[in-house]
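Biologist: I am new to this protein and should be grateful for a guided reading of the model. Could we begin with the terms and then proceed to the particulars?

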Amino acid sequence: NNPITGKNGSLQKLCTVSLRACQELTPLIQAIYEELLSSLSSPSDKTHGETETTTNNSVKKLKQDNSAFTIADGLVQRLLVE
């Protein structure tokens with residue numbers, strides 16, 4: 001993992017903290033996607049205006065505006081709420 005560098009409040013510090021967070025969360029996100037892909041045959045839930053499609057060994061969650069909703073989106077939203 002990359003070290004966190006830079007003065008408090010600096011762009012360098014923000015970037016290195018963000019990179020470190022991504023490095024730490026990557027194994028979790030990969031495990032979540034692997035679990036989703038392994039359960040492709042299970043029925044999908046459609047809630048809050050979202051639809052789920054499964055094609056060619058992929059899982060895609062769409063928001064109401066048809067943009068992709070990713071695990072990273074969900075994690076960031078949850079972390080900002082808490």
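Modeller: A residue is called buried when its relative accessible area is under 20%, exposed when that area is over 50%, and partly exposed in between. Please note as well that this is a predicted model.

Biologist: Is Thr16 buried or exposed?

Modeller: Thr16 has its place in helix α1, which covers residues 11-38. Its relative accessibility is 16%, and the limit for burial is under 20%. Thr16 therefore counts as buried.

Biologist: Which residue offers its backbone oxygen to a polar atom of the side chain of Thr16?

Modeller: Leaving aside residues up to four places away in sequence, Thr16 touches Pro3, Ile4 and Thr5. A polar atom of the Thr16 side chain lies 3.0 Å from a backbone oxygen. That oxygen belongs to Thr5.

Biologist: How does Thr26 stand: buried, exposed or partly exposed?

Modeller: Thr26 is also found in helix α1. Its relative accessible area is 35%, which lies between the limits of 20% and 50%. Thr26 is therefore partly exposed.

Biologist: What distance separates the C-alpha atoms of Thr26 and Ala72?

Modeller: Along the chain, Thr26 and Ala72 are 46 residues apart. In the model, the separation of their C-alpha atoms is 9.3 Å.

Biologist: At which residue does α1 have a kink?

Modeller: Helix α1 has 28 residues and reaches 40 Å from its first C-alpha to its last, close to the 40 Å expected. A kink of about 40° nevertheless lies in α1, shortly before the proline Pro27. The residue at the kink is Leu25.

Biologist: What pattern does the protein follow along the sequence?

Modeller: The protein contains two helices and three strands. Read along the sequence, their pattern is α-β-β-β-α.

Biologist: What share of the residues counts as buried?

Modeller: The protein exposes about 6,600 Å², of which carbon and sulfur atoms supply 56%. Among contacts between residues at least 6 apart in sequence, 12% join residues at least 24 apart. Of the 82 residues, the share that counts as buried is 7%.

Biologist: Where is confidence lowest?

Modeller: The average pLDDT of the protein is 75, and 72% of the residues score at least 70. Confidence is highest in α1, at a mean of 87. Over residues 53-57, pLDDT stays under 50, and the model has six contacts beyond four places in sequence for them. With a mean of 49, the element of lowest confidence is strand β1, residues 51-55.

Note on methods. Residues are numbered from 1 along each chain as its sequence is written. This is a predicted model: local features need pLDDT of at least 70, side-chain atom pairs count only at pLDDT 80 or more; totals for chains, interfaces and linings use all residues. Side-chain values use heavy atoms; hydrogens and water are left out. Helices (H or I, at least four residues) and strands (E, at least two) are DSSP runs, numbered from the N terminus. Buried means under 20% relative accessible area, exposed over 50%, partly exposed in between (1.4 Å probe, protein chains only). A polar contact is a pair of N or O atoms within 3.5 Å; within protein, one must be able to donate a hydrogen and the other to accept it, and residues adjacent in sequence count only if both atoms are side-chain atoms. Contact means heavy atoms within 4.5 Å. pLDDT is the predictor's confidence in each residue, from 0 to 100. Accessible areas come from the Shrake-Rupley method with a 1.4 Å probe; for residues, only the protein chains shown count as cover. The expected span of a helix is 1.5 Å times one less than its number of residues. The bend at a residue is the angle between axes fitted to the seven residues ending there and the seven starting there.
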